[in-house]
Amino acid sequence: MNGTEVVFVVLSLLAVGSAVLAMTSPQLVHAALWLVVTLGAVAGCFVLMTAEFVAWVQVLVYVGSVVVLVIFALMLTRQSGRTTAEVTGNRWTAAVLGLVAAVGLGATMVAGFAGERIEGRRIGTAASIGEALFTDWVLPFEILSGVLLAALVGAIVLSRSGSDR
Amino acid sequence: MSLLYPLLLSSALFGIGVYGVLARRNAVLVLLGVELMLNSVTLNLVAFDAWFADALHTGQVLTLFTIALAAAEIGLGLAIVLALFRAVRTVDVDEVGR
C-alpha cells in the first residue's frame with residue numbers, strides 16, 4: 001500500500017462517514033452540510049485518480065451551487081411548529097435494500113476487477129479535457145447546453161405563482 | 001493505485017444513497033440522496049477512465065456531462081418540491097402520499 005492509497009483510504013472513510021451522517025442526521029441543515037464534506041472528499045479522490053479538472057468542476061458545481069440550492073430549499077420549505085421524525089416507517093427495509101445494493105455492487109467489482117491498477121498515464125488536466133470536449137465531444141456538449149436551457153425554463157415555469165398562469 | 005478502492009467507495013456511497021432516498025421523509029433530502037447516488041456513478045466513471053487511459057477521455061467528459069445534468073435535475077426537482085409545498089403546505093413524503 002503506497003502513499004496515494006493511504007490518502008485515498010482516508011478520504012474514502014471520510015466520504016462514507018459523512019455520507020452516513022448526511023443521510024441520517026435529524027437536523028436538516030446539518031445533513032446538507034455533511035453532504036458538503038462527502039462531495040469535497042470525493043473531489044479529493046478525483047485528484048488522486050489524476051482527474052484534476054473534474055475535481056475542480058465538482059467543487060464549483062456541487063459544493064458551490066447544488067448544496068446552496070438545497071439549503072435555500074430547506075429554508076423555504078421549513079414547517080413551523082411541527083417536529084416529525086425525519087425517517088419514514090420503512091427505514092429498516094430501506095437499510096436492508098441499501099446494504100444489498102452496496103454489497104452486491106461491491107462483490108461484482110471485486111469479482112471483475114481485483115488486481116487491476118490505475119497507472120495514471122493520462123492526466124486529466126484542463127488542457128487535455130478541454131481539447132477532448134471541444135473536438136470529439138463538441139456535439140453532445142452543445143446538446144447539453146440545450147438541456148440546461150430547457151431545465152432553466154422549466155424551473156421558472158414551475159416556480160411562478162399560480163395566479164397568472 | 002489499485003482500481004478496487006474507488007470502485008468499492010462508489011458502491012458504498014451508492015448504497016447509502018439508496019437508503020437516503022427510501023428512508024428520508026423530507027422531499028428535499030430525498031433529492032440529496034439522489035445527488036449522492038449520481039456522485040458515486042461519476043466516481044466510477046473517473047476510475048474507469050483513469051484505468052483505461054482513454055485517449056478521448058470518455059469517462060471524464062461523461063462525468064462533466066453527468067455533473068451538468070445533476071445540476072439541471074436538482075434545479076427542476078427543487079422547483080417541483082417548492083410547488084408541492086405551496087400546494088399542500090408540507091414536504092413530508094408520507095403525508096403527501098396520504
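The paragraphs below lead through a predicted model of two chains, A and B, from overall confidence to single residues.

As a starting point, the model as a whole scores ipTM 0.91 and pTM 0.91. For chain B the average pLDDT is 90, and 100% of the residues score at least 70. Within that chain the elements vary, since α1(B) has the highest mean pLDDT, 94, and helix α4 (residues 93-97) of chain B has the lowest, 78. Where pLDDT is low, predicted coordinates should not be read in detail.

Chain A may be taken before its partner. Its secondary structure consists of six helices and zero strands, so that, from the N terminus on, the order of elements is α-α-α-α-α-α. The chain is divided into domain 1, residues 1-78, and domain 2, residues 125-160, and the C-alpha centres of these two domains lie 23 Å apart. Taken along the principal axes, the C-alpha atoms of chain A fill a box of roughly 55 × 40 × 25 Å. The radius of gyration of chain A is 20 Å, whereas a compact globule of 165 residues would have a value near 15 Å. Of those 165 residues, 28% are buried, and among contacts in chain A with a separation of 6 or more, 56% are between residues 24 or more positions apart.

Two places in chain A repay a closer look, and one of them is Ala22(A), which lies in helix α1 (residues 3-24) of chain A. Is this alanine buried or exposed? Ala22(A) is buried, because 26 other C-beta atoms lie within 10 Å and the cut-off for burial is 20 or more. Leaving aside residues up to four places away in sequence, Ala22(A) touches Ala31(A), Trp34(A), Leu35(A) and Thr38(A), and also Leu32(B) from the other chain. By contrast, the C-alpha atoms of Ala22(A) and Ala55(A), which are 33 residues apart along the chain, are separated by 21 Å.

The other place is helix α4 (residues 91-113) of chain A, whose length can be checked against expectation. At 1.5 Å a residue its 23 residues should span 33 Å, and the end C-alpha atoms are 32 Å apart, which agrees. Ala94(A), Gly98(A) and Ala102(A) are buried in this helix. An α-helix has 3.6 residues a turn, so residues three or four places apart point the same way. What covers the buried residues of α4(A) includes α1 of chain B, and just after α4(A) the residue Gly115(A) takes a positive phi of about 90°.

Chain B, to which this contact leads, has four helices and zero strands in its secondary structure, and its pattern along the sequence reads α-α-α-α. Chain B is more spread out than a compact globule, because its radius of gyration is 17 Å, well over the 13 Å that the globule rule gives for 98 residues. Its C-alpha trace spans about 50 × 25 × 15 Å along the principal axes. Of the 98 residues in chain B, 59% count as buried, while residues 24 or more positions apart account for 51% of its contacts with a separation of 6 or more.

Which residues of chain B have a positive phi although they are not glycine? Ala53(B) has a phi near 50°, and His57(B) has a phi near 55°. Ala53(B) lies in the loop between α2 and α3 of chain B, and His57(B) lies in the loop between α2 and α3 of chain B as well. Their surroundings can be set side by side: Ala53(B) is partly exposed, with 13 other C-beta atoms within 10 Å, whereas His57(B) is buried, with 27 other C-beta atoms within 10 Å.

The two chains can finally be considered together, for 62 residues of chain B are in contact with 80 residues of chain A. On the side of chain B that touches chain A, the helices α1 (4-23), α2 (27-52) and α3 (58-88) of chain B each supply at least two residues. The largest share of that side, 20 residues, comes from α3(B). By class, the side of chain B that touches chain A has 45 nonpolar residues, 12 polar residues and five charged residues.

Terms used. Residues are numbered from 1 along each chain as its sequence is written. Chains are lettered from A and ligands numbered from 1 in the order in which they are written. This is a predicted model: local features need pLDDT of at least 70, side-chain atom pairs count only at pLDDT 80 or more; totals for chains, interfaces and linings use all residues. Domain bounds come from an automatic or database domain assignment. Two residues are in contact if their C-beta atoms, placed from the backbone, lie within 7 Å. Ala, Val, Leu, Ile, Met, Phe, Trp, Tyr, Cys and Pro count as nonpolar, Asp, Glu, Lys and Arg as charged, and the others, Gly among them, as polar. pLDDT is the predictor's confidence in each residue, from 0 to 100. The radius of gyration is taken over C-alpha atoms; the globule rule is 2.2 Å times the number of residues to the power 0.38. A residue is buried if 20 or more other C-beta atoms lie within 10 Å of its own, exposed if 12 or fewer, and partly exposed in between; C-beta atoms are placed from the backbone. The expected span of a helix is 1.5 Å times one less than its number of residues.
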